[in-house]
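Please open the model in your viewer and get ready to select residues one by one. The tour below tells you what to pick next and what you will find there.

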Amino acid sequence: FSYVCSGMTAEFGKQWYQRRVRDNMITRRILMQRICVHQFARMLSATPNIPELMEKFKPLITDKLVYETGVSCALKLSDSSWTLDLRDEGTIKEGCDETADITLDMNNDVFLGLIDGSTTTAAAYMSGKLKLEGNIMQAMKLSSLFKNMQSAIAEEAK
């Protein structure tokens with residue numbers, strides 16, 4: 001009797017283990033497909049027009065943000081350049097201002113990753129995808145602007 005019961009238990013254990021491994025593989029495959037679908041959808045969706053995004057972000061620059069940051073930033077992207085003036089006027093203008101306190105140089109994908117929240121400024125900088133000229137402490141002050149941009153994108157998606 002004990003042999004039969006232990007045999008059934010062993011068989012049950014083997015089946016349970018095989019199901020667990022199979023389910024784990026399926027779960028991994030689904031997660032990989034979700035990641036791939038997310039990336040694929042991002043590629044297929046109309047590439048966000050940077051000038052349109054910058055127009056949407058202009059209302060985000062408040063007097064409080066200008067007061068808290070006090071930094072002028074030249075933003076050099078793959079196909080355009082912008083000046084984020086959070087020092088004097090609180091404006092976003094197309095074109096690179098050479099008198100900016102800091103310069104952030106990155107491609108469009110990294111910028112889109114920063115504003116949609118899929119990457120952070122620290123991670124982009126440490127991986128070499130974001131190049132910084134100027135004081136890194138002043139650059140850290142821009143994180144609140146990027147967070148505001150993320151919030152605006154999230155609200156628009158709703």
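Start by selecting the two cysteines C73 and C96 and showing their sulfur atoms. The sulfur of C96 has its closest cysteine sulfur in C73, 8.8 Å away, which is too far for a bond. This is a predicted model, so keep in mind that each distance on this tour is computed from predicted positions. A disulfide is a covalent bond between the sulfur atoms of two cysteines. To be counted here, the two sulfur atoms must lie within 2.5 Å, and the count of disulfides comes to zero. C73, accordingly, is in no disulfide.

While both residues are selected, switch on a surface. Is C73 buried or exposed? C73 is buried, with 0% relative accessible area. C96, on the other hand, is partly exposed at 27% relative accessibility.

**Strand β1**

Now move to S72, which sits in strand β1. With a relative accessible area of 1%, S72 is buried. Show what surrounds S72, leaving out neighbours within four places in sequence: T83, L84, D85, L86 and R87 are in contact with it, and so are A100, D101 and I102.

**The loop from β1 to β2**

Next, follow the chain out of β1 (72-76) and pick S80, in the loop that leads to β2 (81-85). Although S80 belongs to a loop, it counts as buried, with a relative accessible area of 14%. Add W82 to the selection: the side chains of S80 and W82 are joined by a polar contact of 3.0 Å. Which residues does S80 touch beyond four places in sequence? They are I50, L75 and E94.

**The loop from β2 to β3**

Go on to E89, in the loop between β2 and β3 (91-94). E89 is exposed, at 54% relative accessibility. Select D63 as well and measure between the C-alpha atoms: E89 and D63 are 9.0 Å apart in space, with their positions 26 residues apart in sequence.

**Helix α3**

Helix α3 covers residues 63-69, and L65 is the one to select there. L65 counts as buried, at 4% relative accessibility. Colour its partners next: setting aside residues up to four places away, L65 touches L60, G70, L86, S144, L145 and N148. Then add L142, which is 77 residues from L65 along the chain, while their C-alpha atoms are separated by 9.3 Å.

**Helix α4**

Select residues 108-116 to bring up helix α4. Seven of its nine residues are buried, so α4 is largely enclosed by the rest of the structure. Which residues of α4 are the buried ones? They are N108, V110, F111, L112, G113, L114 and I115.

Both ends of this helix reward a closer view. At its start, look at N107: a side-chain oxygen of N107 comes within 3.1 Å of the backbone nitrogen of D109. Just after α4, turn to G117, where phi is positive, at about 90 degrees.

**The second largest pocket**

Stay with α4 and display the second largest pocket, which holds about 160 Å³ of space. Helix α4 and α5 (121-126) are the elements that give two or more residues to the lining of this pocket. The largest share, three residues, comes from α4. In total, 11 residues line the pocket, and those nearest its centre are D109, V110, G113, T119 and K129. Try colouring the lining by type: three residues are nonpolar, five are polar and three are charged.

**The whole chain**

Finally, zoom out and colour by secondary structure. How many helices and strands does the protein chain have? There are seven helices and five strands. Trace them along the sequence and the pattern reads α-α-α-β-β-β-β-α-α-β-α-α.

Two chain-wide values round off the tour. Of the 158 residues in the protein chain, 26% are buried. Among contacts between residues at least 6 apart in sequence, 64% join residues at least 24 apart. You have already visited one pair with a wide separation along the chain: L65 and L142, 77 residues apart.

Key: Residues are numbered from 1 along each chain as its sequence is written. This is a predicted model: local features need pLDDT of at least 70, side-chain atom pairs count only at pLDDT 80 or more; totals for chains, interfaces and linings use all residues. Side-chain values use heavy atoms; hydrogens and water are left out. On a 1 Å grid over the protein atoms alone, a cavity is a set of points where a 1.4 Å probe fits but cannot get out, and a pocket is an open set with protein on both sides within 12 Å along at least five of seven lines; lining residues have an atom within 4 Å of a point. Grid points are joined across faces, edges and corners, and a volume is the space filled by probe spheres set on the points. Helices (H or I, at least four residues) and strands (E, at least two) are DSSP runs, numbered from the N terminus. Ala, Val, Leu, Ile, Met, Phe, Trp, Tyr, Cys and Pro count as nonpolar, Asp, Glu, Lys and Arg as charged, and the others, Gly among them, as polar. Buried means under 20% relative accessible area, exposed over 50%, partly exposed in between (1.4 Å probe, protein chains only). A polar contact is a pair of N or O atoms within 3.5 Å; within protein, one must be able to donate a hydrogen and the other to accept it, and residues adjacent in sequence count only if both atoms are side-chain atoms. Contact means heavy atoms within 4.5 Å.
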